[in-house]
Structures are given as C-alpha cells and as structure tokens.
Amino acid sequence: GGIDVLVNMAGILRATHTTETSLEQFMQVININLVGVFLSCREALPHLVKTKGNIVNADSTSSFFGHPYMAAYASSKGGVMAMTRTLAWEFMNKGVRVNAVAPGGISTPMVAGMAQGGFPPEPDMTLFAHLTRPDGHYAPPEDVAGVIAMLASADGRHINGEIVRMD
C-alpha cells in the first residue's frame with residue numbers, strides 16, 4: 001500500500017593515494033555513495049510523507065574521523081551525514097524521520113576486498129590502527145541490520161536526525 005521505509009545501503013570503496021586518484025574515480029564513489037542516496041531519497045520522500053515513514057542511510061565512521069587513502073569514500077559518507085541531518089529537519093514536521101547508521105569494520109565483501117589487495121601500493125598501515133577493533137575482529141552484518149531495524153521501527157520513533165555509530 002505504499003513505502004514505509006527506505007534503507008540506502010549501496011556503496012563502493014576505492015582506496016588510493018589521494019594524489020593518484022583520478023577525477024573519474026573520485027566521482028564514481030561520490031555518484032554511487034552520495035548522489036545515489038540523494039536520488040533515492042528524493043523519489044521516496046513524497047511516498048514517505050503519505051505513510052509517515054522513515055529513511056535509514058548507510059554512513060560510515062569515516063565521516064567522523066576520516067580514513068587514510070579514502071578521500072572519496074570519506075567525503076561521500078560525510079555528505080550522507082549532512083544530507084541525513086538536513087532531511088531530518090526538512091521533513092520532521094511532515095512526520096518523516098531520517099537517520100543513519102555509521103558502522104566501522106563490518107565483515108562484508110567490501111571489507112574483505114580491502115584485506116585482499118584493496119590497499120594502494122606501499123600503504124602506511126600504521127594509519128589504520130584506529131580503524132580496527134582491539135580484538136581484530138569485525139562485526140557481522142546482522143549487527144548492523146539490527147540497528148537499522150530498530151531505527152526503522154516504532155522502537156525508533158523518537159529518534160530523528162541521528163547518526164548511530166557502530167564501532
């Protein structure tokens with residue numbers, strides 16, 4: 001009967017030295033991670049206003065403190081953070097909530113791809129010390145799904161404009 005929840009989870013990650021990142025590479029990440037979120041929100045919002053629904057966007061801890069070799073990714077996720085908060089304010093009087101979840105390391109194919117040669121040549125791995133958990137393990141995707149489900153449900157009805165960090 002309508003759209004009740006929009007979850008924007010699509011994204012890509014390219015790790016390159018900033019000085020070696022082409023504009024095409026940078027824009028590909030921005031287009032998928034940020035422009036894609038904008039387009040999905042723009043198209044869903046008229047329906048969500050009717051149903052008093054909500055949006056949950058995929059952000060990242062990179063929007064809080066950056067990630068080395070990921071200027072495009074961190075920039076795109078910083079944009080998602082700003083868009084989430086902006087839409088929350090813009091649509092709160094219309095009954096629509098907008099939040100985001102910002103995971104750290106999650107056991108996904110994207111993270112596995114980084115571990116299997118996704119770093120740029122000769123990376124300074126000491127720069128990544130703040131990105132991993134002390135026990136060296138990544139959280140399972142189900143942990144992120146649980147937070148998304150809470151934000152999208154009646155349990156999250158008093159949460160709006162928040163970026164829930166999961167790290």
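This briefing walks through the fold, the sheet, the cavity and a few single residues of one protein. The model is predicted. The protein has five helices and four strands. Buried residues make up 40% of its 167 residues. A search of the whole structure finds one cavity of 30 Å³ or more.

**Overall fold**

- Read from the N terminus, the elements follow the pattern β-α-β-α-α-β-α-α-β.
- Many contacts link distant parts of the sequence: among contacts with a separation of 6 or more, 79% are between residues 24 or more positions apart.

**The sheet**

- Strands of a sheet pair through backbone hydrogen bonds, either parallel or antiparallel.
- Here, four strands form an open sheet in the order 1-2-3-4, and the pairing is parallel.
- Strand 1 (5-8) and strand 4 (163-166) are the edge strands, each pairing on one side only.
- From one strand to the next, the twist averages 15°.
- Strand 2 and strand 3 run parallel and are joined by five bridges.
- Strand 3 (residues 97-103) also pairs with strand 4 in the parallel sense, over four bridges.

**Strand 3 and its partners**

- How many residues of strand 3 are buried? The count is seven of its seven residues, so strand 3 is mostly covered; a residue counts as buried when its relative accessible area is under 20%.
- Arg-97, Asn-99, Val-101 and Pro-103 point one way from strand 3.
- Val-98, Ala-100 and Ala-102 point the other way, and the residues on both sides are buried.
- Val-101 has a partner in each of two strands. Its bridge partner Ala-58 pairs with it from strand 2, and Val-164 stands opposite it in strand 4.
- Pro-103 has Met-166 as its bridge partner in strand 4.

**Helices on the sheet**

- Helix 1 packs on the sheet and touches strand 1 and strand 2 (54-58).
- The direction of helix 1 makes about 175° with that of strand 1.
- Helix 5 (residues 141-152) lies across strand 1, strand 2, strand 3 and strand 4.
- Helix 5 runs at about 165° to strand 3.

**The cavity**

- Rolling a probe the size of a water molecule over the atoms shows where empty space is left.
- The largest cavity holds about 70 Å³ of space.
- Which residues line the largest cavity? They are Arg-14, Thr-16, Thr-18, Thr-21, Gln-25, Val-29, Tyr-69, Met-70, Ala-71 and Ala-72.
- Helix 1 (23-51) and helix 3 (71-91) are the elements that give two or more residues to this lining.
- By class, the lining has five nonpolar, four polar and one charged residues.

**Ala-72, a lining residue**

- Ala-72 lies in helix 3 and helps to line the largest cavity.
- Is Ala-72 buried or exposed? Its relative accessible area is 7%, so Ala-72 is buried; the cut-off for buried is under 20%.
- Leaving aside neighbours within four places in sequence, Ala-72 is in contact with Phe-26, Val-29 and Ile-30.
- Ala-72 and Ile-30 are 42 residues apart in sequence. In space, their C-alpha atoms are 6.6 Å apart.
- Val-29, one of the contacts of Ala-72, is also in the cavity lining.

**Two residues with positive phi**

- Lys-52 is not a glycine, yet its phi is positive, at about 60°.
- Where is Lys-52? Its place is in the loop between helix 1 and strand 2.
- Lys-52 counts as exposed because its relative accessibility is 53%, and exposed means over 50%.
- Tyr-69 is a residue other than glycine that has a positive phi, near 65°.
- Tyr-69 lies in the loop between helix 2 (62-65) and helix 3.
- Tyr-69 is buried because its relative accessible area is 13%, which is under 20%.
- Tyr-69 is also among the residues that line the largest cavity.

Terms used: Residues are numbered from 1 along each chain as its sequence is written. This is a predicted model: local features need pLDDT of at least 70, side-chain atom pairs count only at pLDDT 80 or more; totals for chains, interfaces and linings use all residues. Side-chain values use heavy atoms; hydrogens and water are left out. On a 1 Å grid over the protein atoms alone, a cavity is a set of points where a 1.4 Å probe fits but cannot get out, and a pocket is an open set with protein on both sides within 12 Å along at least five of seven lines; lining residues have an atom within 4 Å of a point. Grid points are joined across faces, edges and corners, and a volume is the space filled by probe spheres set on the points. Ala, Val, Leu, Ile, Met, Phe, Trp, Tyr, Cys and Pro count as nonpolar, Asp, Glu, Lys and Arg as charged, and the others, Gly among them, as polar. Two strands pair if DSSP finds at least two bridges between them. Axes are lines fitted to C-alpha atoms, for helices over the stretch in contact, and angles run from 0 to 180 degrees between N-to-C directions. Contact means heavy atoms within 4.5 Å. Buried means under 20% relative accessible area, exposed over 50%, partly exposed in between (1.4 Å probe, protein chains only).
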